[in-house]
Amino acid sequence: MRLPSTPRNRLYAILATVALLAAGGGIAQAALNGSDGPKPPSRPLAQAVLAAMQAPKLQGITASVRITNNLLPAGSLPKGVSSPLAAGGDGKLWLSADHHLRLDLHTTAGDVQAVYDGKRASLYDQSSNTTYTIPVPAAAAAKGRDGQLPFGDLQQGLGSLLRFWNLSGAKPTTTAGRPTYTVRISPKDDGGLLGAAEVAWDAEHGVPLRAAVYAQGSSDPVVEIAATKIAYGPVEASDLAATPHPDAKTVEINPDRLAANSGPTGVTGVDAVQRRLDFHLAAPAELAGLARKRVELVSLDGAKGAMSVYGSGLGTIAVFQYRTADDRHGSLSDLNLPEINIDGRTGKELATALGTMVSFERDGVAYLVAGLVPPVAAENAARGLG
């Protein structure tokens with residue numbers, strides 16, 4: 001079964017959680033990986049993946065889920081902003097055979113409900129008593145699972161993946177009381193602070209039941225999304241219906257407008273980008289020991305800015321810069337974060353187990369430095385923009 005990915009809005013990290021739950025054509029992506037319970041027979045990875053892809057179509061799924069988060073520092077979000085991604089919590093998920101979805105999450109930051117009815121996705125945030133809605137294109141007809149991807153092609157695809165990633169075999173495990181296969185993937189080269197990721201799927205039904213991300217050198221996941229209980233079968237229409245909130249504020253999100261007004265413009269190169277900016281472009285050939293790979297003109301709600309990329313792979317550092325009057329996206333000024341000195345300027349730093357962001361302003365220009373790198377690397381990159 002495939003679930004249409006839910007678009008994410010930059011204002012609410014809640015949507016990132018919903019996207020994680022929806023991504024990859026599965027739903028209940030998580031579970032406590034217990035050692036007790038049924039385990040599937042040992043299989044080569046390619047065979048285990050192919051069997052999951054060819055699993056019979058399901059009539060529906062009902063799952064209890066748990067989200068554990070150790071990523072964002074406590075108290076870093078602005079006052080009044082809640083996020084399951086920051087708080088973690090427990091909830092329940094329903095998914096029908098026609099891809100309709102409802103997810104209820106109960107967190108320390110308030111309750112959240114996400115609903116997809118085949119045409120629109122909505123998200124209700126209890127802490128602000130606000131419902132966000134966004135239209136979603138009709139899902140393409142589900143493709144059959146009767147051998148569409150030949151076994152040889154799958155082996156070739158896994159072989160290409162192994163050129164850049166360390167990929168474990170399909171380890172027989174138990175997840176949410178179901179027999180599952182668990183795979184661990186880690187970068188072969190510089191992965192920055194990213195250590196590895198794991199995913200477990202139901203060996204009989206092909207449904208992802210657990211997803212976890214690990215930082216370098218840590219045996220405990222930074223983020224884990226887990227199904228603690230799951231049942232397969234038809235889902236009642238009442239279980240998929242959104243709970244009415246007549247007094248809630250409604251915010252309509254226009255994805256076409258967001259796409260048109262924000263993102264890359266296709267203009268690349270230091271000289272070409274500089275000609276289109278009304279401020280000096282800071283893009284040295286090297287930053288924090290990393291060579292400059294790309295400079296591109298970007299649009300931020302219609303305003304012009306620049307993105308520079310240094311290094312390659314997961315150890316890449318990205319630099320965004322734009323007029324402070326156009327600061328609609330990337331500044332960390334509203335967050336309750338530690339302050340740092342960037343060559344006499346006061347900046348803010350968001351340091352997590354998986355990466356770092358540094359934000360500061362200089363001469364009417366705002367800079368945002370980000371990467372899956374430790375704080376010292378991001379700070380050195382920020383200071384190198386002088």
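How many bridges join strand S10 (residues 194-202) to S11, and do the two run parallel or antiparallel? The legends below describe close-up views of a predicted model, and the first one answers this.

**View 1. Strands S10 and S11 as a hairpin.** S10 (residues 194-202) is joined to S11 by 7 bridges, and the two strands run antiparallel. One bridge pairs Ala 200 with Arg 210 in S11. The hairpin has 5 residues between its strands. In the turn, Gly 206 has a positive phi of about 75°.

**View 2. Strand S11 and its pairing with strand S12.** S11 also pairs with S12 (residues 223-232), in the antiparallel sense and over 4 bridges. Here Ala 212 has Glu 224 in S12 as its bridge partner. Of the 8 residues of S11 (residues 208-215), 7 are buried, so the strand is largely enclosed by the rest of the structure.

**View 3. Surroundings of Asp 104 in strand S3.** Asp 104 lies in S3, which covers residues 101-107. Its relative accessibility is 12%, so Asp 104 counts as buried, the cut-off being under 20%. The side chains of Asp 104 and Gln 113 make a polar contact at 3.0 Å. Leaving out residues up to four places away in sequence, Asp 104 touches Asp 90, Gly 91, Lys 92, Trp 94, Val 112 and Gln 113.

**View 4. Buried residues of helix H8.** In H8 (residues 375-383), the buried residues are Ala 377, Ala 378, Glu 379, Ala 381 and Ala 382. An α-helix has 3.6 residues a turn, so residues three or four places apart point the same way. The buried residues of H8 pack against S15, S18 (317-323), S19 (339-342), S20 (345-351), S21 (356-362) and S22 (365-371).

**View 5. Confidence along the chain.** The mean pLDDT of the chain is 80, with 75% of the residues at 70 or more. Strand S15 (residues 286-287) has the highest confidence, 96, and helix H1 (residues 14-22) the lowest, with a mean of 38. The pLDDT is below 50 over residues 1-34, a stretch with 117 contacts in the model beyond near neighbours in sequence. Residues 326-330 also stay under 50 in pLDDT, and the model has 12 contacts for them beyond four places in sequence. Where pLDDT is low, the predicted coordinates should not be read in detail.

Key. Residues are numbered from 1 along each chain as its sequence is written. Side-chain values use heavy atoms; hydrogens and water are left out. pLDDT is the predictor's confidence in each residue, from 0 to 100. Contact means heavy atoms within 4.5 Å. Buried means under 20% relative accessible area, exposed over 50%, partly exposed in between (1.4 Å probe, protein chains only). Two strands pair if DSSP finds at least two bridges between them. A polar contact is a pair of N or O atoms within 3.5 Å; within protein, one must be able to donate a hydrogen and the other to accept it, and residues adjacent in sequence count only if both atoms are side-chain atoms.
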